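Reader: I would like a close look at one part of this model, please. Could you take me through a strand and whatever is packed around it?

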Amino acid sequence: MAVTRTFSIIKPDATRRNLTGAITKMLEDAGLRVVASKRIQMTKEQAEGFYAVHSERPFFNDLVSFMISGPVVVQVLEGEDAVKANRDVMGATNPADAAEGTIRKTFAESIEANSAHGSDSDENAAIEIAYFFKPEEIVG
Ligand code: UDP
């Protein structure tokens, strides 16, 4: 298996509860290395652009409002099959469906305020990393 990169967000419900370290530790314990990280306040335009694929979904406006309700921590993660490793430790979108020991089962408040984002493919990971990071901000 190849070492690859993925993109992660620690969402506002988690930064509000001071869970940045706890979530990062779960990512690291899953074999992922943080090769870039920054805490930002997303603008409405940034959040709308990031979730553009969901723009026709009924939850879109609420999701954008949630994502700009407080700071987020955006990260680039590196490891063996990083997209899958990250999604496995993140757990299902709805915390009610997430497996024991996953980030969302442990910390998520709701299907919307579910503490973490992780890219769903290598292709989207590359797009999402480039959306938030310049190449020189990533140090492997
Ligand atoms: N979401 C929501 N309501 C839903 C489904 C999703 O608020 O019914 C939010 C949730 O924060 C989720 C994000 O939209 O993480 C993106 O949804 P996606 O289906 O891509 O899930 P993910 O890949 O994050 O598990």
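How many of the nine residues of β3 are buried, and is the strand enclosed or left open by the rest of the structure?

Author: Happy to! This is a predicted model, in which local features need pLDDT of at least 70 and side-chain atom pairs count only at pLDDT 80 or more, while totals for chains, interfaces and linings use all residues. Residues are numbered from 1 along each chain as its sequence is written, and side-chain values use heavy atoms, with hydrogens and water left out.

To your question: eight of the nine residues of β3 are buried, so the strand is largely enclosed by the rest of the structure. Here "buried" means under 20% relative accessible area, "exposed" means over 50%, and "partly exposed" is in between, using a 1.4 Å probe and protein chains only. The strands (E, at least two residues) and helices (H or I, at least four) are DSSP runs, numbered from the N terminus.

Let's begin with the sheet. Four strands form an open sheet, ordered β2-β3-β1-β4, with antiparallel pairing. At the edges stand β2 (33–40) and β4 (116–118); each has a single partner strand, so one side of each is left without a neighbour in the sheet. From one strand to the next, the twist averages 20 degrees. Two strands count as paired if DSSP finds at least two bridges between them. On one side, β3 is joined to β2 by seven antiparallel bridges, and Ile-40 has Val-72 of β3 as its bridge partner. β3 also pairs with β1, again antiparallel, over eight bridges. There, Thr-6 stands opposite Leu-77 of β3. The pairing of β1 with β4 is antiparallel too, over three bridges, and Ser-8 faces Gly-118 of β4 across it.

Next come the helices against this sheet. Helix α5 (residues 82–90) packs on it, touching β1, β3 (72–80) and β4, and its direction makes about 35 degrees with that of β1. Helix α7 (residues 122–132) packs on the sheet as well, touching β1, β2, β3 and β4, at about 55 degrees to the direction of β1. Such angles run from 0 to 180 degrees between N-to-C directions, with axes fitted to C-alpha atoms, for helices over the stretch in contact. In α5 the buried residues are Ala-82, Val-83, Ala-85, Asn-86, Val-89 and Met-90. Their cover includes β3, along with β1, α2 (20–29), α6, β4 and α7. Just after α5 comes Gly-91, with a positive phi near 90 degrees.

Thr-6 ties several of these pieces together. It sits in strand β1 (residues 3–10) and is buried, with a relative accessible area of 0%. Apart from neighbours within four places in sequence, its contacts (heavy atoms within 4.5 Å) are Gln-75, Val-76, Leu-77, Ala-82, Val-83, Asn-86, Ser-119, Ala-125 and Ile-129.

Now to Lys-11, in the loop between β1 and α1 (12–16). Lys-11 is buried at 5% relative accessible area. Beyond four places in sequence, its contacts include Val-72, Tyr-51, Phe-66, Arg-104 and Asn-114. The side chains of Lys-11 and Asn-114 are joined by a polar contact of 2.8 Å. A polar contact is a pair of N or O atoms within 3.5 Å; within protein, one must be able to donate a hydrogen and the other to accept it, and residues adjacent in sequence count only if both atoms are side-chain atoms. Asn-114 belongs to the loop between α6 (103–107) and β4 and counts as buried at 2% relative accessibility.

The record adds something here. In an unreviewed entry, UniProt lists Lys-11, Phe-59, Arg-87, Thr-93, Arg-104 and Asn-114 under "binding site". From this set, the lining of the largest pocket takes in Lys-11, Phe-59, Arg-87, Thr-93, Arg-104 and Asn-114. UniProt positions follow the numbering used here, feature names are shortened, and annotations may be inferred rather than shown by experiment. A pocket, on a 1 Å grid over the protein atoms alone, is an open set of points where a 1.4 Å probe fits, with protein on both sides within 12 Å along at least five of seven lines; lining residues have an atom within 4 Å of a point.

For contrast with buried β3, look at Pro-58, in the loop between α3 (44–50) and α4 (60–67). Pro-58 is exposed, with a relative accessible area of 81%.
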